[in-house]
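This briefing accompanies the sequence and the three-dimensional structure shown below. Please keep both in view while reading the points that follow.

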There are 2 protein chains.
Amino acid sequence: MEFLEELRFLKEQLGFRETIKDTDYEQVVIAGMGSSGIAGRIFQELYTKKPVFLIDDYRIPEFVNSKTLFIAISYSGNTEETLTAAAAARERGARIATISSGGKMCKLGDENVLIPRADFQPRAAMGYLLMPLLLSFKVSTEEDLKRAYALLSELDDDNEECKRHADAIWKAKSIPLVFAASPFRGVAYRWKAQFNENAKVMSYANYFPELSHNETMALAGTYKKDMFYFFVLGSEYANIRRRIELTEGLTDTSFHDVALKGRSLTEKVFYLIHYGDYVSYHLGKQKGEDPADWHIVEDLKKKLAEKPQ
Amino acid sequence: MEFLEELRFLKEQLGFRETIKDTDYEQVVIAGMGSSGIAGRIFQELYTKKPVFLIDDYRIPEFVNSKTLFIAISYSGNTEETLTAAAAARERGARIATISSGGKMCKLGDENVLIPRADFQPRAAMGYLLMPLLLSFKVSTEEDLKRAYALLSELDDDNEECKRHADAIWKAKSIPLVFAASPFRGVAYRWKAQFNENAKVMSYANYFPELSHNETMALAGTYKKDMFYFFVLGSEYANIRRRIELTEGLTDTSFHDVALKGRSLTEKVFYLIHYGDYVSYHLGKQKGEDPADWHIVEDLKKKLAEKPQ
């Protein structure tokens, strides 16, 4: 029930879509780093009515102006790169919306969505970072989100399959690779980031059909292929599924398929995210890592702050 | 001198920038796979006056309409994904420009740039794929390109440093990783693709400051880190250079820095591309690979054609 209340709370705040019309802006620019940026990546694949341009850096592109809807996302509300980018967008006259749980960002926008809970690790707040985007641009209905929530609860009750993947990876000390196709590329990148953050293990994501034009040759001819553990997330499209199947055979690679679950794209996206979360969580546990330990990121921030840029 | 003639030949064809004005379109969409897509990626970082949206798939986003300048790039002119995307853009009323060396694509656009030579491997034609974009959007001057060409010739005469990297990678059978920062992210991805294609070796690219938010933790805590060979391409910005230096120390990783060379961004981009080309070429040679062998990609195309999608 907590989830449903939080959903209502978020929905009530989505002012930035009530007060402006599609014709008021030419493009959406989303600024965010790490998990906040991943929310933008996932949204970009699901919403294509207007160009969505992503920024994960300090600098904003020249085209940003009064015809831009600029959405700054930062769970903490204090991410340096995103604050810098948002301030620059403000100077260019862009319409600013923010999504955060507080910090400097929560009062910076023309509209500000406040995430109800500030006590998560940023990566655990993925749902909260993503939902305001999905709801306000009408990518997802409230019904979709409720059903997604039910699917996630199932996975909370039984994630043995995720644990088996983690056990296999841990046993061989493999480097997990995550392949996907649109609209699940952002999800594959989320998996990669979760392996990095939860398990402190190297990991990379890539996607079809682009990888057929280069990486396929490495799959067929590389040394040390047995070091990698290949995940392939389910695809919506028959021609992509056939491409994946042919690639596995032609390159003699063993893919671990992760099946789609759910009716709507919203459900599928949240299910795949949560599935990957569990694989990396179990791997981290096996490896003896604390998922909450990210002192390296904090150390870097401190060191960077020591010397003004 | 051949290069200068080819440059003139390309320049004479850049009709699509003479006949339309910036105000005629709201965004540029570039479709291209593999090397052709990489030309788009590199261009997107260098040209930010209008939003540049990249497509490396069959499907085009909903927003494509008569306000879109749609540029389809395919060296062969017969890339299935790009042809499909361009046909869909045509139906939406987009203005179409093409860059190819022939094939079905070369007559498909409202404007068509013909690359003077069709006898390269697509990836060897990177300069030709990129130059029409750089020249027509005035990112580069003819002078920049001439100077870049001189830099590349120097590297043709002496690429011992590239060979030393390749020797070290081959000796340890390492997986090369390539880190960069904007505006050289596309170049880092080019390196990755070249390792895949020339040496048939797995490789991945990533970039600062985004990687500070996740991958940094893996750099500090992963198993099997000694399997990787870390390249870091030079950065334009002092705060990014400091971030790189701190990351190396905090995570106890040994980075192999590749210094920037040249005055303009154009020169730097072409120099870094060519440098990476040589590293992967030498690695492929050591490994006994034929850079021209990409039968896996051709086999996949044939198999896909067998069964209509």
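In this predicted model, helix H10 (residues 265-287) of chain A has 23 residues and reaches 33 Å from its first C-alpha to its last, close to the 33 Å expected at 1.5 Å a residue. Of those 23 residues, 19 are buried, and H10(A) is thus mostly covered. Directly after H10(A) comes Gly288(A), with a positive phi near 80 degrees.

**Salt bridges at helix H10 of chain A**

- Arg147(A) and Glu267(A) form a salt bridge in which the closest N and O atoms are 3.3 Å apart.
- Arg147(A) lies in helix H5 (residues 142-157) of chain A and Glu267(A) in helix H10 of chain A, so this pair ties together parts that are 120 residues apart in sequence.
- Arg147(A) counts as partly exposed because its relative accessibility is 27%, whereas Glu267(A) counts as buried at 4%.
- A salt bridge also joins the side chains of Lys287(A) and Glu289(A), at 2.8 Å from N to O.
- Lys287(A) has a relative accessibility of 16% and therefore counts as buried, while Glu289(A), with a relative accessible area of 23%, is partly exposed.

**Strand E8 of chain A and its neighbours**

- All 6 of the 6 residues of strand E8 (residues 228-233) of chain A are buried, so this strand is largely enclosed by the rest of the structure.
- In a regular strand, side chains alternate between the two faces of the sheet.
- On one side of E8(A) are Phe228(A), Phe230(A) and Val232(A), on the other are Tyr229(A), Phe231(A) and Leu233(A), and all of these are buried, so that both faces are covered.
- Strand E6 (residues 175-181) of chain A runs parallel to E8(A) and is joined to it by 5 bridges.
- Within this pairing, Phe231(A) of E8(A) has Val178(A) standing opposite.
- E8(A) also pairs in the parallel sense with strand E9 (residues 255-258) of chain A, over 4 bridges.
- Phe230(A) has Phe255(A) in E9(A) as its bridge partner.
- Between E8(A) and E9(A) the chain passes through helix H9 (residues 238-250) of chain A, making a right-handed β-α-β crossover.

**Strands E4 and E5 of chain A**

- Strand E5 (residues 111-114) of chain A has alternating side chains: Glu111(A) and Val113(A) point to one face and are buried, while Asn112(A) and Leu114(A) point to the other and are not.
- Strand E4 (residues 95-100) of chain A pairs with E5(A) in the parallel sense over 4 bridges.
- Ser100(A) has Leu114(A) in E5(A) as its bridge partner.

**Helices H6 and H7 of chain B**

- Helix H7 (residues 185-198) of chain B has 14 residues, which should span 20 Å at 1.5 Å a residue; the C-alpha atoms at its ends are 20 Å apart, in agreement with this.
- H7(B) is largely enclosed by the rest of the structure, because 13 of its 14 residues are buried.
- Lys200(B), just after H7(B), takes a positive phi of about 55 degrees.
- The side chains of Arg190(B) and Asp277(B) meet in a salt bridge, at 3.2 Å from N to O.
- Arg190(B) lies in helix H7 of chain B and Asp277(B) in helix H10 (residues 265-287) of chain B, so the pair ties together parts that are 87 residues apart in sequence.
- Both Arg190(B) and Asp277(B) are buried.
- Arg164(B) is found in helix H6 (residues 160-172) of chain B, and its relative accessibility of 53% means that Arg164(B) counts as exposed.
- Although Arg164(B) and His282(B) are 118 residues apart in sequence, their C-alpha atoms are 8.9 Å apart in space.

**The interface between chains A and B**

- The size of an interface is often given as the accessible area lost when the parts come together.
- Chain A and chain B bury about 7500 Å² between them, with 63% of it on carbon and sulfur atoms.
- The contact involves 86 residues of chain A and 86 residues of chain B.
- Between chain A and chain B there are 8 salt bridges, and the search of the whole structure finds 29 over all chains.
- Lys192(A) forms a salt bridge with Glu215(B), with the closest N and O atoms 2.5 Å apart.
- A network of salt bridges links Arg41(A), Asp56(A), Asp57(A), Arg59(A) and Arg185(B).

Technical notes
Residues are numbered from 1 along each chain as its sequence is written. Chains are lettered from A and ligands numbered from 1 in the order in which they are written. This is a predicted model: local features need pLDDT of at least 70, side-chain atom pairs count only at pLDDT 80 or more; totals for chains, interfaces and linings use all residues. Side-chain values use heavy atoms; hydrogens and water are left out. Buried means under 20% relative accessible area, exposed over 50%, partly exposed in between (1.4 Å probe, protein chains only). Helices (H or I, at least four residues) and strands (E, at least two) are DSSP runs, numbered from the N terminus. Two strands pair if DSSP finds at least two bridges between them. A crossover is right-handed if, with the strands pointing away from the viewer, the path from the first strand over the helix to the second runs clockwise. The expected span of a helix is 1.5 Å times one less than its number of residues. Contact means heavy atoms within 4.5 Å. Buried area is the accessible area (1.4 Å probe) that two parts lose on being put together, summed over both. A salt bridge is a side-chain nitrogen of Lys or Arg within 4 Å of a carboxyl oxygen of Asp or Glu.
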